[in-house]
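Student: I have a structure open and would like to go through a few spots in it with you. Can we start with the cysteines?

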Amino acid sequence: MTAPFFLQETNDQKLFNIASELLNTEKAYVTRLKLLDQEFYAKLMEEANKGTFPVDVVKNIFSNISSITTFHRDFLLPDLEKRMGEWASTPRIGDILQKLTPFLKMYAEYVKNFDKAMELLKHWTDRSPQFKAIIQDIQSQEACGSLTLQHHMLEPVQRVPRYEMLLKDYLKKLPQDDPDRRDAEKSLEIIATAATHSNSAIRKSENLKKLMEIYEMLGEEEDIVHASNEFIKEGNLLKLAARNASAMERHLFLFNNMLLYCVPKFSLGGPKYTVRTRIGIDGMTVRESNNEDYPFTFQVSGKERTLELQASSEQDKAGWIKAIQETIDIFNQKNESFKNALKDVEEVSVSKAELGKRAPRWIRDNEVTMCMKCKEPFNAITRRRHHCRACGYVVCWKCSDNKVALEYDANKLNKVCKDCYAILKGESVTEGKKKGILEIEAGQFTDSSIMCGFLQYSERSKPWQKVWCVIPETECLVLYLYGAPQDVKAQSTIPLLGYTVEDSARPADPPATFRLSQSKSVHGFAADSEELKLRWLKVIRVAVCWIFLHGNCCCVVHKIQTLPSDLQAKSRKDNVETFCAG
């Protein structure tokens with residue numbers, strides 16, 4: 001795109017160029033999103049539906065890529081194209097990018113799932129020849145540009161930081177009194193926060209790629225490809241023998257939790273190594289050593305082995321000592337946080353001081369569908385429900401495989417969950433992972449929701465199942481699906497933007513049925529009554545349809561969240577009817 005003739009090489013020209021770059025990169029991005037959604041995802045799903053490999057595997061790999069594609073293809077890109085066509089009269093992009101900010105939720109879900117997606121992709125590429133063949137066939141096409149699926153899947157992760165960079169550049173050139181400054185600054189503030197998470201995912205993906213390379217160097221024999229393993233440093237060193245003082249060539253791989261001491265082996269296809277010793281960082285020390293015959297030496301001592309190593313120079317030695325010592329320090333700091341985790345344990349239904357001294361209120365079996373500790377789903381055979389006798393949580397057998405004497409039960413031995421066992425025994429509580437996008441307790445949303453309740457749910461042609469549905473006040477464009485009202489993690493979420501609402505029943509549908517459909521994704525719901533169905537439809541149509549009528553998704557949030565206070569007091573059902581009618 002060329003600038004209008006009336007624009008000179010001025011600040012106006014620079015602003016136009018930035019806006020043009022935004023549009024051009026958005027076009028290229030939408031093309032790659034279509035490749036992911038309509039080629040990789042669609043063809044793998046087509047094969048999965050034949051039973052070749054699990055459908056859920058494909059869904060978990062591609063997460064919500066269809067929703068992301070729909071938003072950019074049908075909303076953001078057309079808005080940018082229209083704006084650039086009328087730039088002479090409306091030279092601004094801040095208001096356009098503000099439309100993006102409510103939908104960063106979709107990116108948060110995709111980014112959070114990225115590590116799991118990469119692991120699943122590797123696992124099923126190795127396990128299923130058909131899975132691998134489909135991917136390789138698409139990768140060989142010209143549209144892929146000789147790039148792998150992993151590379152294309154990184155595009156959504158990288159896109160948000162790209163918006164941040166362009167907005168910063170735009171604001172530098174934008175005059176302080178420009179009408180677009182306020183919108184642009186507000187957009188940057190929200191996008192910058194989301195970009196932090198994306199940048200973290202980019203680093204993780206690069207780390208995962210490096211782990212894969214090392215895995216291949218080690219003959220695919222060492223189990224190191226895991227999101228918890230972080231590559232730090234590698235290099236050639238000489239190992240000094242204790243008996244004859246000879247020096248042997250060795251190769252070291254340093255990770256956040258271990259040091260791999262390797263021996264080079266002959267190979268025509270790039271460097272290959274055999275692991276001689278795996279030394280854990282826990283308990284490791286590193287120090288300089290004085291050896292008159294061999295300069296630049298240092299000693300690494302771990303629980304498994306002590307090594308005296310020779311670097312190639314003083315700088316190389318200092319680099320290794322610094323890297324190993326920093327890794328040890330970080331590891332020890334994390335261990336210390338584990339010891340202090342007892343102070344932060346707030347998950348018990350009785351206070352820590354009363355734990356074991358007072359009988360807890362048991363969470364009812366039908367209020368949860370998954371273990372409230374490890375979040376694995378319950379079933380009738382291998383993962384049945386058990387109650388922790390100390391806190392009352394419903395947990396699986398793995399998380400309740402401990403017994404401790406409880407004072408309230410005459411000091412008899414009772415089954416308790418692993419966290420309560422640690423507290424009652426005065427041991428450390430292992431720090432859990434940071435909560436994911438789905439790991440929000442249903443109870444938190446239920447207390448402040450626009451609409452919540454049980455519905456029957458079916459995706460595509462799967463059997464109907466009962467789910468607890470919630471549209472939160474704070475995220476009124478997203479429908480959360482839980483197995484039960486007290487579940488600590490949602491089964492899935494549906495960003496409502498762009499979905500079509502179908503109210504017509506099909507022959508095999510139960511009564512009071514409606515559907516949400518978008519591209520190849522179809523979600524069926526059935527309420528207990530026609531009246532309840534109509535209430536749900538009113539709420540969902542506000543989120544689904546408002547963007548089509550007004551072109552601004554922020555209006556949805558405003559319309560739902562600015563109800564008169566007197567209407568909020570009496571009944572949520574009345575509130576829904578009121579704001580939908582308005």
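Student: Is Cys417 buried or exposed?
Tutor: Cys417 is buried, its relative accessible area being 0%; bear in mind that this is a predicted model.

Student: And how many disulfides are there?
Tutor: Searching the whole structure turns up zero disulfides. Cys417 is accordingly in no disulfide, and the nearest cysteine sulfur, which belongs to Cys420, is 3.5 Å away.

Student: Why is Cys396 not bonded to Cys399?
Tutor: The closest cysteine sulfur to that of Cys396 is indeed the one in Cys399, but the two are 3.7 Å apart, which is too far for a bond, because a disulfide requires the sulfur atoms to lie within 2.5 Å. As for its surroundings, Cys396 counts as buried, with 0% relative accessibility.

Student: Switching topic: what is the strand order in the sheet?
Tutor: The sheet is an open one of seven strands, running E4-E3-E2-E1-E7-E6-E5, and the pairing is antiparallel. At its edges are strand E4, residues 272–280, and strand E5, residues 285–288, each of which pairs on one side only. From one strand to the next, the twist averages 35°.

Student: How many bridges join E6 and E7?
Tutor: There are five bridges between strand E6, which covers residues 297–301, and strand E7, which covers residues 306–310, and these two strands pair in the antiparallel sense. Within that pairing, Ser301 stands opposite Thr306 of E7.

Student: Staying with E7, what does Leu307 touch?
Tutor: Leu307, which is found in strand E7, is in contact with Lys239, Tyr261, Ile279, Phe298, Gln299 and Val300, if its neighbours within four places in sequence are left aside. Leu307 also counts as buried, at 0% relative accessibility.

Student: How many residues apart are Leu307 and Lys239 along the chain?
Tutor: They are 68 residues apart along the chain, yet their C-alpha atoms are separated by 7.1 Å.

Student: One last spot: where does Gln139 sit, and what does its side chain reach?
Tutor: Gln139 lies in helix H6, which spans residues 129–139, and its side chain reaches the backbone nitrogen of Leu149 at 2.8 Å.

Student: Which residues does Gln139 touch besides Leu149?
Tutor: Not counting residues up to four places away in sequence, Gln139 also touches Phe40, Cys144, Ser146, Leu147, Thr148 and Gln150.

Notes:
Residues are numbered from 1 along each chain as its sequence is written. This is a predicted model: local features need pLDDT of at least 70, side-chain atom pairs count only at pLDDT 80 or more; totals for chains, interfaces and linings use all residues. Side-chain values use heavy atoms; hydrogens and water are left out. Helices (H or I, at least four residues) and strands (E, at least two) are DSSP runs, numbered from the N terminus. A polar contact is a pair of N or O atoms within 3.5 Å; within protein, one must be able to donate a hydrogen and the other to accept it, and residues adjacent in sequence count only if both atoms are side-chain atoms. Contact means heavy atoms within 4.5 Å. Two strands pair if DSSP finds at least two bridges between them. Axes are lines fitted to C-alpha atoms, for helices over the stretch in contact, and angles run from 0 to 180 degrees between N-to-C directions. Buried means under 20% relative accessible area, exposed over 50%, partly exposed in between (1.4 Å probe, protein chains only).
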